[in-house]
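Visitor: I would like to look closely at one place where helices pack together. Please walk me through it slowly, as I am new to this.

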Amino acid sequence: KIKERGLSYGLRPFETGSSGNKVTKVDASGVDPRLGSLFIDEDELVGIDSTAEQIITSLVEGPTMRSVISLVGEGGIGKTTLARKVFKDETMRQKFQCFAWITVSQSYNMERILKIMKNQICKEKEETDGTVEGLIECLRHYLETKSYVIVFDDIWKLDFWEVIKHALPSKNMRARIIITTRNTRIANHIKDTPFDHVQELKSWPLELAWELFCKKAFRFEFEGCCPQELDELSRKIVSKCQGLPLAITAIAGLMSKKEKTELEWQRVLDNLNYEFARNPQLSSVSKILSFSYHDLPNHLRSCFLYFGIFPEDYSVLDKRLCRLWISEDFIFKSRTDNNDKTLEQVAEEYLSELIHRNLVSFEIQYGAYKSCRVHDLIRDIILVRVDELCYCQIVNDSKLRFEGKSRRLSIHGTTKDVLNLVGDNSKIRSIFLFNIDELTESFVISLFKKFKLLKVLDFKDAPLYKLPEEIENLFNLKYLNLYGTKVKKVPKTIGKLRNLQTLDVTGTLVQELPIEIKKLRNLRHLLAIPTVSKESDYSLYLSVLGVRIHEGIGNLEELQTLKYVRADPSTIDLVKELERLEKLKLLSVYQLTSDIGKALGASIQKMNLLEEISLRAINENEILDLNCISSPPPLLRYVQLSCRLYQFPEWISKLRDLQGLILRFSRLSNEPLKYLKDLPNLAYLNLNQTYDGEELHFEEGGFKKLKHLLLRRLEGLKVLKIDRGALPLLEKLEIGPPPLMKEMPSDIQHLTNLKSLKIEDMPREFVVGLQPNHEEDGIISHYWKIQHVPSVIFWYKRIEGRNCNVYKLGAPGLLKLLQEQAK
């Protein structure tokens, strides 16, 4: 705006090459935006039902040979939203055996695409030649005898189809392909037979656009309707969106945060007019989404742009994101903030604000964690700003360039020639690696020597086998992430990183931390979460041990996160050390004995700031008495207890903020639900070998916020009662295997909001009785009990030596398996 104002006074800019505040499309080396249904809430899907029904009918009733439906339209028109609605339809799920959703986008790797397809379709996990040719042969062979639906979302190049079509046999039972693309030429090229169809999506009429706008802009007030005084202004704003659903959603999301006054809405409308004067056709959705960026306060802009560092479609946990922001010095406490508020709490507030502004979407995991991502169209906005501001340089196979003096380097795919490319850019402070094919020790050492002022070093999931001792050169380092690497040992030189705030060795091969860790007085987060296999759900003997720490951990007075550590009395008096960590919020301890557990329990009630606790016994026979906790930490929101219990810890029922609870191997004789049903915020509950009784009763009015319930290996369970009015928000239910339960309880009908039902390792009679359109002598059909649930799958732990098999309701493969079991 300053530049435009200057031009109006006759001033000419010094540089003619700068883009100013102009929003431009990224070049071929970037990733262009694509529409995704994740940006639009389910209750805002208006105007696509009839189109979806037509497509579903054509797919279900079409010919036996392969047919392709191409959804074509401009960005933001709703191609992916429509494709996903069809893909998830219950009729489709019942009529086809195999399903796969593949996001292609501009920058794709064919080998990786084929591997993703194989993982989604071929559940046997058989050994396959990893080349493109080998993967195509494997997929083609597997799909020749299957009916399948595969979606290829966001195709930009003809070359993609010319390769991928060979993996899709055309003369099998029934094959259905759905593609989305902005390019009509690609859709017409794919149309090979009379059975293929091109569906062009047009801009929405004003009536539908108005309905969507009102649902979003006035969702919390005026009963979802536009007040009369704002009607005219609102309709002008909607008309500027020219019928693009994503644009409408973005603008409506922005307006929902504004004061509902004519003055405020006129101001926004005036800004829209200014921008749209330069592009009246509004061909680029990114221009509209930019308004949300411009509306951000300064302290949120750097945090928002951070999503540009990550690859397309990348999800990042909220905790990790907040720690990164803190390490980058993005987070500060304002004068109005409470002095007791931590930087982590302020960072969480920043993230919440971005979510509320509909710039960041998220999914809740385990009731307590947010998995965050930005939509690709929003990421396109970010990438433009990132380039303009030299915020970050992204280097990948197709973008071998480094311009400006950026402080952040994001390496995608390969490290080849990166050091030469970057040159002597001493300003780099943060380095990230994503999907790296190879990472040599010499390259890592060169990084440490070349960029001694690094503050952030993120190796997550990189093929790193050794952390060189030269790490000591990075005296400014605040954040070191080794998550998912193959590192076996943390060098003693780690003790010289006196500014280190976060050390993450989650999922590595590290079994012990050096005693020099105690020198890191600024360390706030120490994460050593082991890789937990599915097997560990069945026995504590199969679980990993946790990481061993040494005496002196109590010196880390700034520590807020400590997970997972081993209770090893031979090396440390754990309880004594923990009592010194007054700022601890997240604590996880493995290998607990009865004596240590009792002492630790008494200590836990003194940890007033504790938000998460995870305790695991040394074996399944070791009984932990946790009733010594008379007054639990008031802020606890996540509890995991993997141990035998004398009786249910009644203090859990006092946790008003509890969102996630996992109880495993407890073997309680008294029903635990009576202690849990009135918890006001419990969203996730996992009961695994928790209760040995015959009956579980979910009473009316109980579990009002629960969304995800797992009932696993309740060996004595015969009866499951669910009163009408219980579990009103439950979306996901996982049952199995309670071997004594003979049939699905009819009370499952009361779960009207249930979207997903997973049945694990249940007896043959139980499973056969749930199959639609299947009768068998002596087995009564109970399909009517679950016919309202959109997704029903059956999971078997071990079949013929394989790890697991997953079947959808009514799948022929499931019926065949049950017949083999009967024999």
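Guide: Let's start with α9 and α10, which meet in a right-handed crossing. Here a crossing is called right-handed if the near helix is turned clockwise from the far one by less than a right angle, and left-handed if anticlockwise. Before going on, please note that this is a predicted model, in which local features need pLDDT of at least 70 and side-chain atom pairs count only at pLDDT 80 or more, while totals for chains, interfaces and linings use all residues. Residues are numbered from 1 along each chain as its sequence is written, and side-chain values use heavy atoms, leaving out hydrogens and water.

To find our pair, look for α9 at residues 206-217 and α10 at residues 231-240. Helices in this naming are DSSP runs of H or I with at least four residues, numbered from the N terminus. The two axes come within 10 Å and cross at roughly 115 degrees. Each axis is a line fitted to C-alpha atoms over the stretch in contact, and the angle, from 0 to 180 degrees, is taken between N-to-C directions. α9 and α10 are therefore roughly perpendicular to each other, since angles of 65 to 115 degrees get that name, those under 35 count as roughly parallel, those over 145 as roughly antiparallel and the rest as oblique.

Now zoom in on the side that each helix offers. From α9 come Leu 206, Ala 209, Trp 210 and Phe 213, and from α10 come Asp 231, Ser 234, Arg 235, Ile 237 and Val 238. Contact means heavy atoms within 4.5 Å. By class, six of these residues are nonpolar, one is polar and two are charged. For this count, Ala, Val, Leu, Ile, Met, Phe, Trp, Tyr, Cys and Pro are nonpolar, Asp, Glu, Lys and Arg are charged, and the others, Gly among them, are polar.

For a second view, turn to α5 (residues 110-121) and α6 (residues 132-143), whose axes also come within 10 Å but cross at roughly 30 degrees. α5 and α6 are therefore roughly parallel to each other, and α5 passes α6 in a left-handed crossing. On the α5 side, the residues that meet α6 include Met 110, Leu 114 and Ile 121. Among their partners in α6 are Val 132, Leu 135 and Tyr 142. This contact has 11 nonpolar residues, no polar ones and three charged ones.

Key:
Helices (H or I, at least four residues) and strands (E, at least two) are DSSP runs, numbered from the N terminus.
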